[in-house]
Amino acid sequence: MNVTAKPTTSDLLSEIKEADLHKVINLKINGSINSYDIIVLNQNMPNLRSLDLTNAKIVACDHEYYTGHKTSNDAIGDYMFYGQSKYLEIKLPKTVESIGNNAFCNCSSLTSVTIGNS
């Protein structure tokens with residue numbers, strides 16, 4: 001499934017109806033994503049296995065995706081995917097400039113992380 005997210009709100013919920021979130025297994029996101037979208041990905045999509053953010057851009061948001069942690073521009077933040085054992089593969093945005101501490105800690109099923117050009 002391909003969706004386009006918006007920077008100020010979680011557009012994932014308007015692109016993928018809430019009743020269908022559990023059906024998504026492979027997801028490619030284009031556009032800007034923020035903390036709200038990270039929450040939807042991590043907490044509301046239990047069957048998501050492959051996440052492609054290659055053409056996405058992470059933007060700053062004041063909402064916390066994990067206790068004490070918010071999205072910052074072009075960064076995979078601390079604990080962003082912490083404990084998400086559902087993921088098998090994650091492709092990071094081309095624009096990512098940093099990866100925070102414990103970003104993938106306890107992702108026991110993760111077999112592949114593709115890092116972009118930055």
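## A briefing on four residues

Aspartate 52 touches Leu27, Lys28, Ile29 and Lys91, leaving aside residues up to four places away in sequence. This is a predicted model, so please read the points below as computed from it. They take in aspartate 52 first, then a nonpolar patch on the surface that includes Ile115, and lastly aspartate 74 and asparagine 106, each with a positive phi.

**Aspartate 52 and its surroundings**
- You will find aspartate 52 in strand β3, which covers residues 50-52.
- Its relative accessibility is 13%, and because buried means under 20%, aspartate 52 counts as buried.
- The side chain of aspartate 52 also makes a polar contact, at 2.5 Å, with the side chain of threonine 54.

**A nonpolar patch on the surface**
- Ile99, Val113 and Ile115 together make a nonpolar surface patch of about 250 Å².
- One of these residues, isoleucine 115, sits in the segment that follows β10 (112-114).
- Isoleucine 115 has a relative accessible area of 56%, so this residue is exposed, the cut-off being over 50%.

**Two loop residues with positive phi**
- Aspartate 74 has a phi near 55 degrees, which is a positive value in a residue other than glycine.
- The loop that holds aspartate 74 runs between β6 (69-70) and β7 (75-76).
- With a relative accessible area of 12%, aspartate 74 is buried.
- For asparagine 106, phi is near 60 degrees, again a positive value in a residue other than glycine.
- Asparagine 106 belongs to the loop between β9 (98-99) and β10.
- Asparagine 106 is partly exposed, since its relative accessible area is 47%.

Conventions
Residues numbered from 1 in each chain as written. Predicted model: local features only at pLDDT ≥ 70, side-chain atom pairs only at ≥ 80, totals over all residues. Heavy atoms only, no water. Helix = DSSP H or I, 4+ residues; strand = E, 2+ residues; numbered from the N terminus. Buried < 20%, exposed > 50% of the residue type's maximum accessible area, 1.4 Å probe, protein only. Polar contact = N/O pair within 3.5 Å; in protein donor to acceptor, adjacent residues only side chain to side chain. Contact = heavy atoms within 4.5 Å. Patch = residues over 30% accessible without salt bridge, like charges linked within 9 Å, V, L, I, M, F, W, Y side chains within 5 Å. Areas by Shrake-Rupley, 256 points an atom, 1.4 Å probe, with all protein chains shown as cover. Salt bridge = Lys/Arg side-chain N within 4 Å of Asp/Glu carboxyl O.
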